[in-house]
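Let's take a friendly walk through the aromatic rings of this protein. Have a look at the sequence and the model, and then we can begin.

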Amino acid sequence: MALLATCAKSGTFAFSKCGVFKLCSSSYSIGLNINRNYVTKKEKIDIHSLPKAPKRPMTSYLEFYKNHYNEIVENNNLQADKKKASKAVQICSGMWESLDDLTRKGYQDRAHVRLEAYREEMKKFKDSLTAEQKELLKEAKKQIREEKIKKKEKKEEKQKNTEHGLPKRPLSSYMIFVNSKMPNPYSDKSATEFVQMLGHEWREMSKQEKQSFEVLYAEAKEEYNLKMTEWVENMVEQGDGSDVKVSLLQKELEKLEVPKKNMGAYQIYRHQHKEGPLWSTLSDEEKEKWHKKAVKEQHRYEKEMEEWYQKIEDKGKTDFVEEVFELIKANKKKPTKK
């Protein structure tokens, strides 16, 4: 409470789409830029355009599993089981462990022959590569590893959200339309063909015909926004705010109508002269005009922030806003995963 009161008087903190900003009398552009999308992303390597390396051969166990999979599924009535693959692996592992030494040796010998042939192919493959291709393949491997990590993190995040009861996004107006046409009434059309047909029908519909679906979506979205606000507030109140994505925290602050961050002289100039002369080519006199506009913009921002903080206090959202600011700052300090 005390922190926000101090903020209201001195303008210590403010918020924009870029994050939480620290303000002082001498500088109004020092900030915790949570959104780093302005950084140029490394160009993605087209893995399919690179030379194909020889595939690693099957191990002795994989050959055994492949040979006995259908038998295991049939003998254990796993045909309709959704977890038949994992159950088949468990059963096969037991069979492999109880296998007699002679049969096991046959599998191992064949695996050894395949491995030697693979090593020979791999040597030839590496010798045929240029220095540039070797470097690209090295970068491609790194790219694949990073994608796997991101996929794993996304899966873990989804699991956490499910555990915390994150509200589900509403269906779009188009998806509401598609659901209204289900199930597929055409026995001669596949699910894919039916959905394609619905897509064409939707594109041909007039705005008036789509209106009922748009209304249903608008209602669902309004309900979703209310649930999201309640969910985020509960997460923060319960001390689980660190599990909430920064983008969701920012959206909740935007719903509270946080004033737009003021622009500096250079930003105002570029905004109004996207194709004009470079800032560095302007004289001091020419720049002075934009500095004056920046000062005016700064005063506008300070005034709006003071009014906003007062509204936050009147709404009883003081503690929530303080905690959200702290969570966004804490996210900024997190080390980047490599």
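A good starting point is Tyr 269, which counts as buried because its relative accessibility is 3%; buried means under 20% relative accessible area, exposed over 50% and partly exposed in between, using a 1.4 Å probe and protein chains only. Trp 279, with 16% relative accessibility, counts as buried too.

Before going further, note that this is a predicted model, where local features need pLDDT of at least 70 and side-chain atom pairs count only at pLDDT 80 or more, while totals for chains, interfaces and linings use all residues. Residues are numbered from 1 along each chain as its sequence is written, and side-chain values use heavy atoms, leaving out hydrogens and water.

Rings of Phe, Tyr and Trp (its six-membered ring) pair if their centres lie within 6.5 Å; planes under 30 degrees apart count as stacked, over 60 as edge-to-face and the rest as tilted. By this rule, there are 15 aromatic pairs. One of them joins Phe 177 and Trp 202, a tilted pair with 5.2 Å between centres and 40° between planes. Phe 177 belongs to helix H6 (residues 173–180) and Trp 202 to helix H7 (residues 191–204), so this pair ties together parts 25 residues apart in sequence. Helices here are DSSP runs (H or I, at least four residues), numbered from the N terminus. Phe 177 and Trp 202 are both buried.

Now return to Tyr 269 and Trp 279: their ring centres are 5.6 Å apart and their planes meet at 55°, so this pair is tilted.

Technical notes: Helices (H or I, at least four residues) and strands (E, at least two) are DSSP runs, numbered from the N terminus.
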